[in-house]
Amino acid sequence: MNSSIKVQYRKTKKGKINKIVEEVYLRDEIEAPLLDQIINEGESNIIYIIDLDAFTKQIDLIENCKVLNNVIVLQTILEEIRRKDQKVFETIKNLIEIETHRNFYIFANEHLKAIHTSKRNDET
């Protein structure tokens, strides 16, 4: 298991700049028992990954479309939704926890080594 340092700067309400340093542990393996379950059930081999805009602008459609099953919710998108819109976050949380027959799952993409990107020196 490898690790990476994540540095962010945030401005407080009083105008001060805080430096936030986090260590992110990266994994090599993909834990996929949920994906195996989706594929082995035999209903549909289509897996949907929905982006931030679709969740925030089309949450009513996603919530009420009963044929939209086998959805993977990326952890980074879920965190951004929680920060931006609490009502949409609660709806997604209900889809994951209560409507289990629809197979909505959270995927911790921030901790997967194969897709992790570090901030370059020339980025702001």
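## Leu 74 and strand S4

A strand here is a DSSP run of E with at least two residues, and strands are numbered from the N terminus. With that in hand, we can start at Leu 74, which is found in strand S4. Please keep in mind that this is a predicted model.

Is Leu 74 buried or exposed? Buried means under 20% relative accessible area, and Leu 74, at 18% relative accessibility, therefore counts as buried. Leaving aside residues up to four places away in sequence, Leu 74 touches Ile 49, Phe 107 and Asn 109. One of these partners, Phe 107, is 33 residues from Leu 74 in sequence, yet their C-alpha atoms are 5.0 Å apart in space.

## Helix H4

Next comes helix H4, which covers residues 75-84. Its buried residues are Gln 75, Ile 77, Leu 78 and Ile 81. Seen down the helix axis, these fall within an arc of 160°, so they line one face of H4. An α-helix has 3.6 residues a turn, so residues three or four places apart point the same way.

Which exposed residues does the face of H4 turned away from its buried side carry? They are Arg 83 and Lys 84. On the buried side, the cover over H4 includes H2, S4, H5 and S5.

## Helix H5

Helix H5 takes in residues 86-97, and its length checks out nicely: at 1.5 Å a residue, its 12 residues should span 16 Å, which agrees with end C-alpha atoms that are 16 Å apart. Val 88, Phe 89, Thr 91, Ile 92, Leu 95 and Ile 96 are the buried residues of H5. Because they cover an arc of only 160° around the axis, they sit on the same side of H5.

The face of H5 turned away from that buried side carries exposed Lys 87 and Glu 97. Among the elements that cover the buried residues of H5 are helix H2 (52-57), helix H3 (59-64), strand S4 (71-74), H4 and strand S5 (104-107). H4 and H5 thus appear in each other's cover.

## The second largest pocket

H4 also has a part in the second largest pocket, where it gives the most to the lining, with four residues. Strand S1 (2-11) likewise supplies at least two lining residues. The space in this pocket is about 230 Å³.

The lining is made up of Lys 6, Gln 8, Arg 10, Glu 22, Thr 76, Glu 79, Glu 80, Arg 83 and Glu 110. How many of the lining residues are nonpolar, polar and charged? There are no nonpolar ones, two polar and seven charged. Arg 83, one of the lining residues, is also one of the exposed residues of H4.

Key. Residues are numbered from 1 along each chain as its sequence is written. This is a predicted model: local features need pLDDT of at least 70, side-chain atom pairs count only at pLDDT 80 or more; totals for chains, interfaces and linings use all residues. Side-chain values use heavy atoms; hydrogens and water are left out. On a 1 Å grid over the protein atoms alone, a cavity is a set of points where a 1.4 Å probe fits but cannot get out, and a pocket is an open set with protein on both sides within 12 Å along at least five of seven lines; lining residues have an atom within 4 Å of a point. Grid points are joined across faces, edges and corners, and a volume is the space filled by probe spheres set on the points. Ala, Val, Leu, Ile, Met, Phe, Trp, Tyr, Cys and Pro count as nonpolar, Asp, Glu, Lys and Arg as charged, and the others, Gly among them, as polar. The expected span of a helix is 1.5 Å times one less than its number of residues. Buried means under 20% relative accessible area, exposed over 50%, partly exposed in between (1.4 Å probe, protein chains only). The arc is that of the directions from the helix axis to the C-beta atoms. Contact means heavy atoms within 4.5 Å.
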